[in-house]
Amino acid sequence: MTETNANNATNAVQESQIRKMTRLAIEYGAVNLSQGFPNESPPWCVKLALAHGVLSGRPLEERSDEGSSDHEERLATSLSELLVRSGETSSPGPGDQLNQYSPPCGRGDLRVSIAKYYERFYGYDGVGPEDVTVTLGATEALASALRTLGKPGDKCVIFEPFHELYPSQCKLFYLEPVYVTLRPSPAAGGGPEPTTWTYDPGELEDAVRDATILVLNTPHNPTGKVFSREELAHIVSLCQKYDVYLVTDDIYEHMCYDRHRHIVVPHEFPEMADRTLLCNSLGKSASATGWRLGWCVHPPHLRNTYRGIHDQLAVMSPHPMQYATLSYMGLPDRYFADLSARYGRRVARLGSALASLGFGVVPPQGAYYLFVEYTTVPALKGMASGDAAMHLLEHVGVACVPGDNFYGKKGDATTENRYLRFAACRSDDDLDEAIRLLEGKLG
């Protein structure tokens with residue numbers, strides 16, 4: 001690779017537009033519906049486990065794997081005792097392990113727990129602890145996957161609109177992103193209004209034909225699309241036909257609405273087990289995006305390469321967070337069911353408010369975003385998406401993300417300068433205030 005090409009690739013990686021809008025939301029004192037992180041707290045027992053781990057430096061003996069109230073009570077008792085002792089000594093005692101390095105691939109008990117997680121929620125018993133590497137969030141899990149599979153010049157297929165990290169990571173590793181466009185269209189047998197997002201099968205096959213990797217995010221950010229079994233079967237057939245690896249980003253798996261469900265590809269399609277890497281995180285589901293705790297499930301033949309790359313990129317995920325994640329894995333089923341109900345209500349409520357103001361809304365099937373067309377809103381008509389987002393920030397007091405940030409093909413009039421993304425993951429109070437401001441200034 002020439003020095004010029006290397007510089008061009010490096011210079012193409014810019015500040016995250018999403019995090020830029022969060023920075024501007026703080027500067028303007030706006031309601032932040034731009035960056036997709038909740039502003040509510042992780043579950044109490046998970047926080048207790050983290051505090052216990054940091055203060056004691058040692059696991060709680062006889063930890064319950066069921067996330068029971070007894071486990072929470074013992075954590076609270078242990079924490080109280082540690083706080084009492086803290087006035088006597090700055091050290092919790094000998095044998096501190098949880099504030100030190102973990103094995104680079106992650107704690108053994110956590111990797112066992114992650115393997116059981118797939119059996120618990122999906123009936124998938126094909127994951128063992130040696131198939132799991134604990135990572136520095138899903139972002140690093142995906143970066144390590146791309147570096148494991150691709151070499152400079154290889155093509156990586158990405159559905160657009162996309163999360164901005166996918167093409168940016170491709171550029172970091174000198175991979176060539178190839179885009180396949182999702183477009184709103186009526187559901188089968190439905191009316192003329194767009195009710196889902198679909199892709200063109202021929203466009204996908206053309207993209208996959210010369211590729212090495214396909215990145216699949218479902219439930220999808222930013223559209224909220226949940227890829228159906230039929231669509232996944234088509235994607236799988238193309239990966240098989242053209243010898244392409246599949247890297248999935250599953251962080252919104254517990255946020256599927258109505259009849260839609262998340263499908264774990266190597267479980268549903270065993271023929272893909274040797275060419276699929278599953279990337280995931282507790283960040284969204286546990287409201288703990290700052291913990292940077294994720295994992296990757298990888299085929300055995302890629303284990304050593306993946307773990308070597310992860311070791312050099314990140315060494316390990318923070319050890320106290322790994323320990324606390326054991327409590328997250330033991331949360332009761334009702335916690336995960338409530339995620340879908342809670343975010344489904346918020347997405348529907350914000351979507352209804354935006355539709356009433358003239359935004360074009362395709363109801364999300366999952367995740368917690370609304371990717372809406374704004375060109376039919378009188379106050380925003382004729383604006384480019386960046387200008388529309390700044391207008392809402394400066395004159396309405398609500399921060400969102402310009403839709404152009406989610407597209408790689410440039411000059412396509414059917415996608416550019418038409419969309420804005422709103423995140424409905426914030427608290428009910430924040431959504432109340434955002435809707436009040438939108439209705440007051442745009443209504």
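**A buried glutamine and a seven-stranded sheet**

Q35 has a relative accessibility of 17% and therefore counts as buried, since buried means under 20%. This value, like the others here, comes from a predicted model. Q35 sits in the loop that connects β1 (31–32) with α3 (44–56). Leaving aside residues up to four places away in sequence, Q35 touches I18, R19, T22, R421, A423 and C425. With one of these, T22, the contact is polar: the side chains of Q35 and T22 come to 2.8 Å.

The next element to look at is the sheet. Strands of a sheet pair through backbone hydrogen bonds, and the pairing may be parallel or antiparallel. Here seven strands make an open sheet with mixed pairing, and their order is β2-β10-β9-β8-β7-β3-β4. The edges are taken by β2 (132–135) and β4 (176–181); each has a single partner strand, so one side of each has no neighbour in the sheet. On average, neighbouring strands of this sheet are turned by 20 degrees against each other, with direction ignored.

At the β4 edge, the partner is β3 (residues 155–160), which runs parallel to β4 and is joined to it by six bridges. Within this pair, V157 stands opposite V178 of β4. Helix α7 (residues 165–172) packs on the sheet, where it touches β3 and β4 as well as β7 (213–217) and β8 (245–249). The direction of α7 makes about 165 degrees with that of β3.

Another helix, α5 (residues 108–122), lies across β2, β9 (276–281) and β10 (294–297). Relative to β2, α5 runs at about 115 degrees.

Definitions and conventions
Residues numbered from 1 in each chain as written. Predicted model: local features only at pLDDT ≥ 70, side-chain atom pairs only at ≥ 80, totals over all residues. Heavy atoms only, no water. Pairing = 2+ DSSP bridges. Helix = DSSP H or I, 4+ residues; strand = E, 2+ residues; numbered from the N terminus. Axes fitted to C-alpha atoms, helices over the stretch in contact; angles between N-to-C directions. Contact = heavy atoms within 4.5 Å. Buried < 20%, exposed > 50% of the residue type's maximum accessible area, 1.4 Å probe, protein only. Polar contact = N/O pair within 3.5 Å; in protein donor to acceptor, adjacent residues only side chain to side chain.
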